[in-house]
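Please describe this structure for a first-year student. Keep to what can be read from the atoms, and explain each term where it comes up.

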Amino acid sequence: ASRQCVGIKQLQAYSRSLNFERPEDGAVKFRSNDPEERRVFQDWVMHACCALAHDRSWPHQIHTGTHNLDDSSPWPLEPLAKRYTKMTLVLLHCWPFLEESGFLAKMLPNVYLDACWQPILNPGFLDQAFAMWQGYIPLHKLMCSNDATSIEMAAGAASLLRDRLARPAFGGEWVSASLWDN
C-alpha cells in the first residue's frame, strides 16, 4: 500500500450487512468455518481498511443499494465515517437509498455520493437521485462514475449520463458549466 494505491473499494454490500462492529484483536479468528467468526473477521478487516484510508487520507468506496437490499442501506456506515474522519467515504450507487445517502452526505463532511450504475440500471433512477440531491447536497460531493465491467458499458454509461445532464430538468447549461464540460 505504498505509492501505487490511491484508495480502497469494497463490495461487501452484495453479501452481508454494512453494519461493521469494531472487534477486539483477540476476538478475531483468521481461519474459521463458523459464520459468526467470519463476520467478526470481516468487521476487523473493514476497520483495518478504514484506518489505512484514514491514515493516508484516501477515499474508500463502498457499494450500497442495487443488490442485497435488506443489508445494503448506508445507515450503518455512519459510525465509520464519524470514527475515520480523514477517510473520504464514497457511497456507490445509493439507489434505492437516495434519502439516506443524501442525508449522510449532507451531515458528514467526509461522505460523498457516486451515482454510478444508476444510468445503466434505469436512467429514471438518476433523474430521481439528482432531483432529490440538487440544492441539498453540495455539488462537489456528487459524482457519477461508471463502475463498468466492460468498455462498452463504460461508454454507454457515459453517454447516458451526458444526455441526462444536458436536459433542462438537470439545469442544462448550469450543470455543464458546473461540471466544466466533463
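## Contacts of L91

Apart from its neighbours within four places in sequence, L91 is in contact with ten residues named here: I62, T64, P74, L77, S101, L104, V111, Y112, L113 and D114. Contact means that heavy atoms lie within 4.5 Å.

The model is predicted, so local features need pLDDT of at least 70 and side-chain atom pairs count only at pLDDT 80 or more, while totals for chains, interfaces and linings use all residues. Residues are numbered from 1 along each chain as its sequence is written, and side-chain values use heavy atoms, with hydrogens and water left out.

## The sheet

The strands β1-β2-β3-β4-β5, in that order, form an open sheet of 5 strands with parallel pairing. Strands (E, at least two residues) and helices (H or I, at least four) are DSSP runs, numbered from the N terminus. Two strands count as paired if DSSP finds at least two bridges between them. β1 and β5 (142–143) are at the edges with a single partner strand each, so one side of each has no neighbour in the sheet.

Strand β3 covers residues 88–93, and 5 of its 6 residues are buried. Buried means under 20% relative accessible area, exposed means over 50%, and partly exposed lies in between (1.4 Å probe, protein chains only). On one side, β3 pairs with strand β2 (residues 59–64) in the parallel sense over 6 bridges. The bridge partner of H63 in β3 is L92. β3 is also joined to strand β4 (residues 111–114) by 4 bridges, and these two strands run parallel. Across this pairing, L91 stands opposite L113, and L89 stands opposite V111.

In general, side chains in a regular strand alternate between the two faces of the sheet.

## Crossovers

How do β2 and β3 connect with helix α2? Together β2, helix α2 (residues 78–83) and β3 make a right-handed β-α-β unit. The chain then crosses from β3 through helix α3 (residues 98–107) to β4, in a β-α-β crossover that is right-handed. Right-handed means that, with the strands pointing away from the viewer, the path from the first strand over the helix to the second runs clockwise.

## The nonpolar core

The largest nonpolar core has 34 residues. Such a core is a set of buried Ala, Val, Leu, Ile, Met, Phe, Trp, Tyr and Cys residues joined through side-chain atoms within 4.5 Å. Which residues touch the most other members? They are L77, L80, L89, L91, V111, L113 and W133. Two or more residues of this core come from each of α1 (35–56), α2, β3, α3, β4, α5 (123–133) and α6 (151–166).

L98 is found in helix α3, and is buried with a relative accessible area of 2%. Not counting residues up to four places away in sequence, L98 touches Q118, F125, Q128, A129, M132 and W133. L98 and M46 are 52 residues apart in sequence, and their C-alpha atoms are 23 Å apart in space.

## Salt bridges

How many salt bridges does a search of the whole structure find? The search finds 6. A salt bridge is a side-chain nitrogen of Lys or Arg within 4 Å of a carboxyl oxygen of Asp or Glu.

One of these joins the side chains of R16 and D43, at 2.8 Å from N to O. R16 is in the loop between β1 (8–10) and α1, whereas D43 is in helix α1, 27 residues apart, so the pair links distant parts of the chain. Both R16 and D43 are buried.R39 and E36 also meet, at 2.5 Å from N to O. These two residues are 3 residues apart in helix α1, about one helical turn. R39 is partly exposed at 23% relative accessibility, and E36 is partly exposed at 43% relative accessible area.

K82 forms a salt bridge with E78, with the closest N and O atoms 3.1 Å apart. Both residues lie in helix α2, 4 residues apart, about one turn of the helix. E78 is partly exposed, at 23% relative accessibility. Salt bridges that share partners join R16, E36, R39 and D43 into one network.

## Cysteines

The structure holds 0 disulfides, a disulfide being a pair of cysteine sulfur atoms within 2.5 Å. For C5, the nearest cysteine sulfur is that of C49, 10 Å away. C5 is partly exposed, with a relative accessible area of 37%. For C49, the nearest cysteine sulfur is that of C50, 7.0 Å away.
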